[in-house]
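Reader: Got a minute to walk through a model with me? I'd like to go piece by piece.
Author: Sure, put it up and ask away.
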Amino acid sequence: MTIRAVVKGVGHYLPDRVVPNSEFEAIVDTSDEWIRARSGIERRHFAAEGQNTSDLATRAAQAALADAGLVADDIDAIILATSTPDLTFPAAATMVQAALGMTRGFAYDVQAVCAGFVFALSNANALIVSGQAQRVLVIGAETFSRLMNWKDRSTCVLFGDGAGALVLEAATSAGTSADRGILSTDLNSDGRYRDLLYVNGGVSTGSTGYLVMEGKEVFRHAIEKLAETAHRALDKAGLTPDQVDWIVPHQANIRIIEGTAKRMQVPMDRVVVTVQDHGNTSAASIPLALSVGRDRGQIKPGDLLVTEAIGGGLAWGSVVLRW
Ligand code: UT7
């Protein structure tokens, strides 16, 4: 008898404002054609003034709770993956807890930048299999538009805002790879690569700062490390790439998504792609893709999914789960 963390509900929220590539042509020396060709992005959503990460996260959480048929006080823990919390502290997760009207349990943030949701899922899984929680709300939410240097064309065209959430619940299972729920996780980081992708502000500087990225280098690491971590997670679960129904990757760049799928020998018709509509929403990208993929009718109960992500740190990892 094995305890598994099984998906009970999923939901997402995107801010109303849709920003097409053409809007950037007036700000920096770029073109819709370049952005589409080099990244696959066509549009992204930006949060309204005064709308913060915890607001987006709360909307996604409400959608996931409704999908699960649960209310906030049915939840034992909230884990929010974000690198753009409303304030330095308290954790944005506690703001979500209050906004949901949840009067019990505990809530905290996880910060692993674009890999944040994979780290948060792994963390939630550990809480559930160790018996510390029965139901965990795992959210990825970001307002990366607030970290953009609007004079840097190599970064400002790539990112967007949004949120996605899953409700995970403990379920007694057979302990085989046919079980529903999280089957394996693989987490990695290497702090020697700090300078490839970082924000040049924080408590040490007294200002929020801007995102700085060596795009080409991050790209090179991504292609190599994402397929590697996905293979490792599948190995741990005793599964192989040909058994995968859907890769649900971090949505940073269509060329990275295609390169990783190719290395895994999984055809693109088994990859959930949302990068054209959302841009790179960092820790929100995987739960957004899970929710949109489910709504599109792509992801169905019993499907075998692999999620994989890489971002600042560098930090990267993957989770294998059966929907
Ligand atoms: O989610 C966290 C992880 N982040 C990522 O995964 C992002 C990884 N990196 C990437 O997605 C890609 O490297 C980028 C989309 C950022 C860039 O694509 P690239 O094919 O690596 O382009 P590049 O950086 O080699 O730049 C090619 C050219 C350069 O001009 P020169 O030096 O060849 O004259 C850039 O200055 O494109 C230029 N360029 C632009 N041109 C028009 C850079 N940004 C732009 C732009 N519009 N927005």
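Reader: Is cysteine 114 buried or exposed?
Author: Keep in mind that this is a predicted model. Cysteine 114 counts as buried, because its relative accessibility is 4%.

Reader: And cysteine 156, buried or exposed?
Author: Cysteine 156 is buried, since its relative accessibility is 0%.

Reader: How many disulfides are there, then?
Author: The structure holds 0 disulfides.

Reader: Why is there no bond for the sulfur of cysteine 156?
Author: The closest cysteine sulfur belongs to cysteine 114, and at 16 Å that is too far for a bond.

Reader: OK, on to the sheet. What's the strand order?
Author: It's an open sheet of 5 strands, running β1-β7-β6-β4-β5, and the pairing is mixed. β1 (2-13) and β5 (106-110) are at the edges with a single partner strand each, so one side of each has no neighbour in the sheet. From one strand to the next, the twist averages 20°.

Reader: In what sense do β1 and β7 pair?
Author: Antiparallel, over 11 bridges, with β7 covering residues 161-173. As an example of who faces whom, isoleucine 3 sits opposite threonine 172 in β7.

Reader: Which strands does helix α4 lie across?
Author: Helix α4 (residues 116-129) lies across β1, β4 (77-81), β5, β6 (135-143) and β7, and runs at about 165° to β6. Helix α9 (residues 285-295) packs on the sheet too, where it touches β1, β6 and β7, and its direction makes about 80° with that of β1.

Reader: Back to β4. How many of its residues are buried?
Author: 5 of the 5, so β4 is largely enclosed by the rest of the structure. Both of its faces are covered, with Ala77, Ile79 and Ala81 buried on one side and Ile78 and Leu80 on the other.

Reader: And what's the pairing with β5 like, parallel or antiparallel?
Author: Parallel, over 5 bridges. Isoleucine 78 has alanine 107 in β5 as its bridge partner.

Reader: Let's do α3. Which of its residues are buried?
Author: In helix α3 (residues 92-100) the buried residues are Ala92, Ala93, Val96, Gln97 and Leu100. They cover an arc of only 155° around the axis, so they are on the same side of α3.

Reader: Is there a general reason why spacing like that lines up?
Author: Yes: an α-helix has 3.6 residues a turn, so residues three or four places apart point the same way.

Reader: What do the buried residues of α3 pack against?
Author: They pack against α2 (53-68), β4, β5 and β6. After α3 comes glycine 101, which has a positive phi near 80°.

Reader: Changing topic: which residues touch the most other members in the largest nonpolar core?
Author: Leu211 and Val320, in a core of 46 residues. The elements giving two or more residues to this core are β10 (211-213), α6 (215-237), α7 (254-264), β12 (304-311) and β13 (315-322). α6 gives the largest share, 8 residues.

Reader: Last one. Where is asparagine 149?
Author: Asparagine 149 is in the loop between β6 and α5 (153-156). Its relative accessibility is 26%, so it counts as partly exposed.

Reader: What is asparagine 149 in contact with, leaving aside neighbours within four places in sequence?
Author: Asparagine 149 is in contact with Cys156 and Tyr210. As for proline 301, asparagine 149 is 152 residues away from it in sequence and 41 Å away in space, C-alpha to C-alpha.

Methods. Residues are numbered from 1 along each chain as its sequence is written. This is a predicted model: local features need pLDDT of at least 70, side-chain atom pairs count only at pLDDT 80 or more; totals for chains, interfaces and linings use all residues. Side-chain values use heavy atoms; hydrogens and water are left out. A disulfide is a pair of cysteine sulfur atoms within 2.5 Å. Buried means under 20% relative accessible area, exposed over 50%, partly exposed in between (1.4 Å probe, protein chains only). Two strands pair if DSSP finds at least two bridges between them. Helices (H or I, at least four residues) and strands (E, at least two) are DSSP runs, numbered from the N terminus. Axes are lines fitted to C-alpha atoms, for helices over the stretch in contact, and angles run from 0 to 180 degrees between N-to-C directions. Contact means heavy atoms within 4.5 Å. The arc is that of the directions from the helix axis to the C-beta atoms. A nonpolar core is a set of buried Ala, Val, Leu, Ile, Met, Phe, Trp, Tyr and Cys residues joined through side-chain atoms within 4.5 Å.
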